[in-house]
Every structure is written in structure tokens, then in C-alpha cells.
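Subject: Structure handover

Hello,

Here is the structure you asked to see. Please open it next to this email and follow along.

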Amino acid sequence: MRRTLSLLSALVALVGLTSGVATAAAKTPKVLVIGLDGARFDKLMAADTPNVHALVKRGYASRSSLYGSGMAPTVSGPGWSTILTGVWPDKHKVKENSFAGNDLASHPSWLARAETANPALDTYAAVDWTPIGDKILRTGQDRKVVLNGDSAGYEKTDEQITVDAEKHLKQDKADASFVYFGQTDIAGHDHGADSAQYQATLRTDDALIGRLLAAVDARANRDGEDWLIMISADHGHTASGGHGGDSPEERMTFVIAAGGAVPAGTPAVAPKIVDIAPTVLRHLGVAAPAVYDGYPLGAAPSDVFDTAALKPRQDETGVPAGVLGWTHDAPGGWTVRNAAGMPAGVTEWQGWSFTTDDFWTRTAPGQQREANARARGVFAVADADEWDDKGSPSSRGTFDSSLVSPAVDVAGKSTVDVSFVSHYRQEGTQRGALTASFDGGPEQNVLAYGPETGTANKGGDVLSVPTSASVKVPAGTRSMKLTWRLYAAGNNWYWAVDAPRLTTR
């Protein structure tokens, strides 16, 4: 009998332990996303902003970069549309602040997607830039507050937004909320990002954020809730004021997050603002749609190019000396092969190079390199245009360089599926080709880029496009290599490739 009681006691203890774990895991997920229009990450972190710094200390924070020319200007319409829809401007088609020709109907906000997936959720938005409420958030919230800061003044309307949001966050279910503040953007336009006025609005933003966080902490069931807090911005500002262009300061944005399943610290590979929507939906237990361009924070797939050891500038004197951003040393079994007799040009671009957005876009801003939005971290580039900027090598020959994958074991397989992000700009006789070679045999065409357009050719510019192809494996083949080649190029353009993935079946 004593033994039976001991077993019963053990079972009771185990049930109690399991119940405790279940209770901890069953905390109700809640989300608050805060938007700071025109806030530069470097200025925000350098300012006296204790509430923001406290979130960063216990969570996740990273600078990020927007698209630029070739996709959309760095203005609010595309920026907030991207943050709220989880897709880039080439999908939602908001290219400026008039919202003309947009396809937001096909790409609803994450609030609307959450509401549709689970109508029991309490969804809320409070904004004082009217187009956000009228265009991006036109439907999909249980309650929406839209004020006109352009006419009433953002200092006043930001305060009104805060008062309403405080009440909502303290008293309502508040499952998913978006709160927007606009006054920092006005200070940037009127006084510039280097001004005391801009700094003052960042401090005001921080105080407003503190009030929202205090409202969350004052909730009656706060201990039973798992709050994900995120902060981001739609664009940056120049030192003297303004945005819309392709400078690093105008393209500057960021992702700050704390709570939920978000990893802590500064990530090795910077996130994108399209990652905000899937991160929110993951936390709410809602499946992200396949159309999304982003990943939940911490869930982006790894990429072999990100292991490349980068160097500082050599010939590219327009890039700051402290920016590490290029190498010809291919990582993970990849190789770069330049054609015999290819003339020497700019060192960084003497054939395929591995580089970053921050380095590559600084070499010649405004030439649509900024539109390579779907690349992350380190990617591969063949840039005949920049190669030609030292000694005009195209007057003595052409750019011809190949990027070759490691050998893939295809024994007993029928097909190799290849996918990658492709950012290709066409001019003149320049050509790009993806080819396959089996057991060291001749190259076989898979994809072609060039001036022609047809079934097997991608004519003209093909900017920031997820690309895939299936390669048939000849019977008896043991190995395969893929080659990306840019050739017949002079002072032309470029080809950037990222996230190559090969799977066999």
C-alpha cells in the first residue's frame, strides 16, 4: 500500500509539473508594432531614448536598408505599405505617396490577415498620417483611429494617438495593434537629421513609447500574456533634411523587437522590413501566406555566401574605408573563373565578387543596385559597369567571368531543382547564362539573359526576382556543377545572385 501511494504521489507531482509547464506555454500572445516615420536608426540609438534602449537590451535590434531606384523611392507610401503587407513594392505596387496604381487589395495588411484568420482577435490601429488609414489599413481592424497630422500638427496628433492607444492597450483585449507617430519625419524635413529639433522629436517618440509600454505593463492579466513589441521606420533622412533618394541615410531603416520567439541580440545578417509581418503572424499563430517576401525573425534560411570573409575597399575610394564589403575568395567549395585575357579593371569587380548591399550600392548610387531588395547579407556580383571604371578595360577586351557551384551528387537522381535570387540589368551585347555540366562534360543551357526575349531568354532588366529552374539529369550521371556566367560585357551593367539552393529528386 505504501508503494502504491508513492506511485500515486509521483503521478500527482508529475501532473502538477506538466500543468505548470502547460500554463507557462499557454500565455496569450499579444502584438504591438510601433511606427516612427522618418526615424534614422543611428540617430535613434545615439539619442537619449531610454525606453528604446531598454527594448534593445532585452531583445533584438538591427539596422536594415530599403530598396531604392528601380523599385521605389524612399518615401512613406511604399515604406509603410511594405511594413504592413510583408511584400516589396514590386508586388504591392505603391511607388509613391499618391498610391496610384497600387495593388493593396491583393496584399492586405498583417492586421487584416490576422483578423481574417481569427475573427475573435481584437485588432487596432492608430495613425496620424491619413493615407495609412485610408489606403493601407482601409479594412481589417476592429477599431481604427485616423487623425490628420498634416493639418492639425503632428506634435498634437501624436499626443492624441498616444492617449487613445494607452487606453486601448490597458483596457481592451488588444491582441494585435499598430501605432504610428509622425512628428520625427516633419522635423527631418524642416531641420534635417543632424538638427537639435530632430533629436528632440526622437526623445518625444521615446517618451510616447514609454507610455505605451507602461499601459501594457498595467494590464490586469499582464503575467498571463506574451507580448511581442516591435518598432520600425519607413525611411531615413539626409543630414540636411529630406528623403526619397538612394543614399544610405535615406534608405536606412531598422527592426527592433522584444518578446515572443524573437532571438535576442544583433543578428549577423540584417533583417528586412518585410520580416515584420511574418514575425507578427507567427506570434499570433497565423500562417504566413506564400506571397510574403519576408521571414519571421530568426527563421530566414542560411546562405553559404554569408560565410565569405570580406575586405575593405581597394580601388572604390567612394566607399568609406571602414566598410568591409568584398572578396573574390569564394566560400564553401564555390569557385570564380575569369576568362583568359580578360583585361584588368577595378580590383573589387575583377570577375565575380562577394559583396554586401552597403558596399555595392555605395560604389555608384542611383543605378538600380539599390533595387536588389531580396538579397540578404553577402551575395555574388558580376559588375562589368564598375569593372570598367579603371583604365577602361572594355576598350581592350570584354568582361567574362563565371561563378561555379560545388559538385552535386546526382547519382540515381532524375532532376536537380535550382533556385536563387537574381538581380540582372541588361545593356548592349552583355549576356548572362546559367549552365549545367554533368561529370565534367560540356555546358548545357539552363537560363539565358540578354537582349533577346523568348522562351529560353530573359530579355532586358530582370530586377530582384526569385528565380528557379529544373535540370534533367542524364541517366548514369554521377555529379553536376552549375555555372553563372556574365560575358560579352563592356561598360555595361551587372548580375547579382543570392541564396542559391540546389535540391535533387
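One definition first: a residue counts as buried when its relative accessible area is under 20%, as exposed when that area is over 50%, and as partly exposed in between. By this rule, both Asp293 and Arg374 are buried. Keep in mind that this is a predicted model.

**The sheet**

Start with the strands. Seven of them form an open sheet with mixed pairing. Their order is β2-β7-β6-β1-β5-β3-β4. Which strands stand at the edges? They are β2 (60–65) and β4 (143–146). Each has a single partner strand, so one side of each is left without a neighbour in the sheet. Neighbouring strands are turned by 10 degrees against each other on average, ignoring direction.

Now look at one pair. Strand β3, residues 123–127, pairs with β4 in the parallel sense. Four bridges join these two strands. In one of them, Ala126 has Val145 of β4 as its bridge partner.

Two helices that pack on the sheet come next. Helix α3 (residues 50–58) touches β2, β6 (225–232) and β7 (252–258). The direction of α3 makes about 65 degrees with that of β7. Helix α9 (residues 154–171) also packs on the sheet. Helix α9 touches β1 (28–36), β3, β4, β5 (176–181) and β6. Its direction makes about 165 degrees with that of β5.

**Asp175**

Next, find Asp175 in the loop between α9 and β5. Is Asp175 buried or exposed? Its relative accessible area is 3%, so Asp175 is buried. Its side chain makes a polar contact with the side chain of Lys30, at 2.8 Å. Leaving aside residues up to four places away in sequence, Asp175 touches Pro29, Lys30, Val31, Ala120, Leu121, Asp122 and Leu284.

**Salt bridges**

How many salt bridges does the structure hold? There are 23. Three are worth finding on screen.

The first is between Arg374 and Asp90. Their closest N and O atoms are 2.8 Å apart. Arg374 lies in the loop between α14 (357–363) and β11 (378–383), while Asp90 lies in helix α5 (residues 89–92), so the pair ties together parts that are 284 residues apart in sequence. Arg374 has 12% relative accessibility, so it counts as buried. Asp90 has 29%, so Asp90 counts as partly exposed.

Arg374 also meets Asp293 in a salt bridge, at 3.2 Å from N to O. Asp293 sits in the loop between α13 (276–284) and β8 (326–327), and Arg374 in the loop between α14 and β11, so this pair ties together parts that are 81 residues apart in sequence.

The last one joins Glu452 and Arg431, with the closest N and O atoms 2.7 Å apart. Glu452 is in the loop between β16 (444–450) and β17 (457–459). Arg431 is in strand β15 (residues 431–438). The two are 21 residues apart, and the pair links distant parts of the chain. Glu452 is partly exposed, with a relative accessible area of 34%. Arg431 is partly exposed at 26%.

Finally, which residues do salt bridges with shared partners join into one network? They are Asp90, Lys91, Asp293 and Arg374.

Best wishes

Notes: Residues are numbered from 1 along each chain as its sequence is written. This is a predicted model: local features need pLDDT of at least 70, side-chain atom pairs count only at pLDDT 80 or more; totals for chains, interfaces and linings use all residues. Side-chain values use heavy atoms; hydrogens and water are left out. Two strands pair if DSSP finds at least two bridges between them. Axes are lines fitted to C-alpha atoms, for helices over the stretch in contact, and angles run from 0 to 180 degrees between N-to-C directions. Contact means heavy atoms within 4.5 Å. Buried means under 20% relative accessible area, exposed over 50%, partly exposed in between (1.4 Å probe, protein chains only). A polar contact is a pair of N or O atoms within 3.5 Å; within protein, one must be able to donate a hydrogen and the other to accept it, and residues adjacent in sequence count only if both atoms are side-chain atoms. A salt bridge is a side-chain nitrogen of Lys or Arg within 4 Å of a carboxyl oxygen of Asp or Glu.
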